[in-house]
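Thank you all for coming. I would like to take a few minutes to walk through one structure, going from its strands to its cores, and I will try to keep to what can be read from the model.

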Amino acid sequence: MPTVRGDRSEVVATPAFDDHRPPSPDLLDDCVHCGFCLTTCPTYQLWGEEMDSPRGRIDLIRAASEGAPLTASTVDHLDACLGCMACVTSCPSGVQYDRIIESTRAQLERRVERPAGQRALRKLIFSLFPYPARLRALRGPLRLAQRSGVLGLVRRTGLVGRVSPELEVMQQLAPPLGPRVSVPERTPAVGPRRAVVGMLTGCVQREFFGEVNAATARVLAAEGCDVIAPQAQGCCGALSVHTGREEEGITFARRLIDSFEEAGVDRVVVNAAGCGSTMKDYVHLLADDPDYAARAQRFSAMVHDFSEILVDLGPVAQRSAIVAARPEGDLTIAYQDACHLRHAQGVVSQPRELLRGIPEVRLVEIADAEICCGSAGVYNILNPEPATELGDRKAAAILDTGADLIVTANPGCLMQISQALERAGRPVPIRHTAVVLDAALRGDPVL
């Protein structure tokens, strides 16, 4: 199979795409080049280049579909896309850019031979992040390095950055680790049972943000849910699907469907935006699978974001203030929209409604809320320079709100924004939505 190296050389691949799920010509033709996507596309905002906008990338994909060679320059422009889907919500023509870029990235993954360093980095990422047991094995040494000061010493030397900027980002993003927190397989409802829900525990979320999962289970139980967290569950496949590793993502999806079908739940609750968007999309991912197509359709219909199910059920548990009485007034919270929650899932009002339901809280909006923070799955590792600039822009917009606390619904956003605020020298506390709601239900301070 002809390939192209993504190193800006003149090597080309012809034909650009193979016959397995190439980008749909009908979907490509939906774009009328109106330009509404330009104001919300992060890379166009950074560079102002047409080929780094959604409509420009659609032109590149259309040309490749019609026989143009797949050049290294084309690959670079397509790789630069964060996949944030802000263009989907801003498009008046309903262009399904999410479908287009997903099928294109699967083609690139099969057709492009990347430089050795990039191949090694991707192999490291996908040999580690989708496997909770491997992350757990890493967790102990990483926590020891943090607590002993060794990790901070290594950071100050700058040695890792000189060897690999990508590995330096991985090192910097690691959150401060305390004792590992896990959730039981079953958490019974408090009071009358209103629903039986399955809970995705995730990979990075499970091992590095266990307190978020524990808070999620407690809040759901307090609102009358029996919470089932199948111990056999694994990765949902989100990182794999978002980077074009289609077969790997399909394998993870099948296994996850199996584990939740066996659990016998009414709905499946997700507290990580990227995971939720992929799981809701299994209906498309597995559409050609004779054994799983119908099952995927049923499963996708069961998947709900944590905030969606709470608003749907309606609150019954009493909320309390999450800080002591403040002479300066209510606690000011800035809610940061995770892209795969706002754009891919269309979940915008529900988290805000839940936060406004906490006593003595004032919710403020962040300017340019539709623009990605630069995390985008593993984008901030694969593309550290633009991701850092986007993170710094997001941090500046957050600081302009004067918020006492930032709330978001995705582990990647938590890590990305925390680092950006540290670079700005103003580390405002940032918490997951579930942790804040849990504090309100338990009467514990969140700060």
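Let me begin with the pairing between β4 and strand β6, the latter covering residues 267-270, which run parallel and are joined by 3 bridges. Within that pairing, Met199 has Val269 of β6 as its bridge partner. Please keep in mind throughout that what you see is a predicted model.

Staying with β4, you might ask why this strand can be called largely enclosed by the rest of the structure. It spans residues 195-199, and 5 of its 5 residues are buried, so the strand is largely enclosed by what surrounds it. If we look at how the side chains of β4 are arranged, Ala195, Val197 and Met199 point one way while Val196 and Gly198 point the other way, and all of them are buried.

β4 also pairs with strand β5, residues 225-228, and here 4 bridges join the two strands, which run parallel. Two positions help to place this pairing on the screen: Ala195 stands opposite Cys225 in β5, and Gly198 stands opposite Ile228 in β5.

What about the two faces of β5, then, are they covered or open? Both are covered, with Cys225 and Val227 buried on one side and Asp226 and Ile228 buried on the other. β5 has a further pairing with strand β3, residues 186-187, this one in the antiparallel sense and over 2 bridges. There, Arg186 stands opposite Ile228 in β5, so to speak facing the residue we met a moment ago across from Gly198.

Let me now move along the chain to another sheet. It is an open sheet of 4 strands, in the order β9-β8-β10-β11, with parallel pairing. Its edge strands are β9, at 361-364, and β11, at 430-432, each of which pairs on one side only. From one strand to the next, the twist averages 35 degrees. Helix α24, residues 411-423, packs on this sheet, where it touches β10 (405-408) and β11, and its direction makes about 175 degrees with that of β11.

Within the sheet, strand β8, residues 331-335, pairs with β9 in the parallel sense over 4 bridges, and the bridge partner of Ala334 in β9 is Val364.

That brings me to the nonpolar cores. Which residues touch the most other members of the largest one? Among its 84 residues, they are Leu220, Ile322 and Ile333. The largest share of this core, 7 residues, comes from helix α25. Apart from it lies another core, of 24 residues, among them Leu200, Ile257, Val265 and Val303.

To look more carefully at Ile322, and leaving out residues up to four places away in sequence, its contacts include Leu331, Ile333, Ile358, Val361, Val436 and Ala439. Also among the residues that Ile322 touches are Asp444, Pro445 and Leu447.

Finally, let us turn to Val435, which is found in helix α25, residues 433-442. Its C-alpha atom is separated by 8.8 Å from that of Asn213, although the two residues are 222 residues apart along the chain. Leaving aside neighbours within four places in sequence, Val435 is in contact with Glu211, Val212 and Ala215.

Terms used. Residues numbered from 1 in each chain as written. Predicted model: local features only at pLDDT ≥ 70, side-chain atom pairs only at ≥ 80, totals over all residues. Heavy atoms only, no water. Buried < 20%, exposed > 50% of the residue type's maximum accessible area, 1.4 Å probe, protein only. Pairing = 2+ DSSP bridges. Contact = heavy atoms within 4.5 Å. Axes fitted to C-alpha atoms, helices over the stretch in contact; angles between N-to-C directions. Core = buried A, V, L, I, M, F, W, Y, C linked by side-chain atoms within 4.5 Å.
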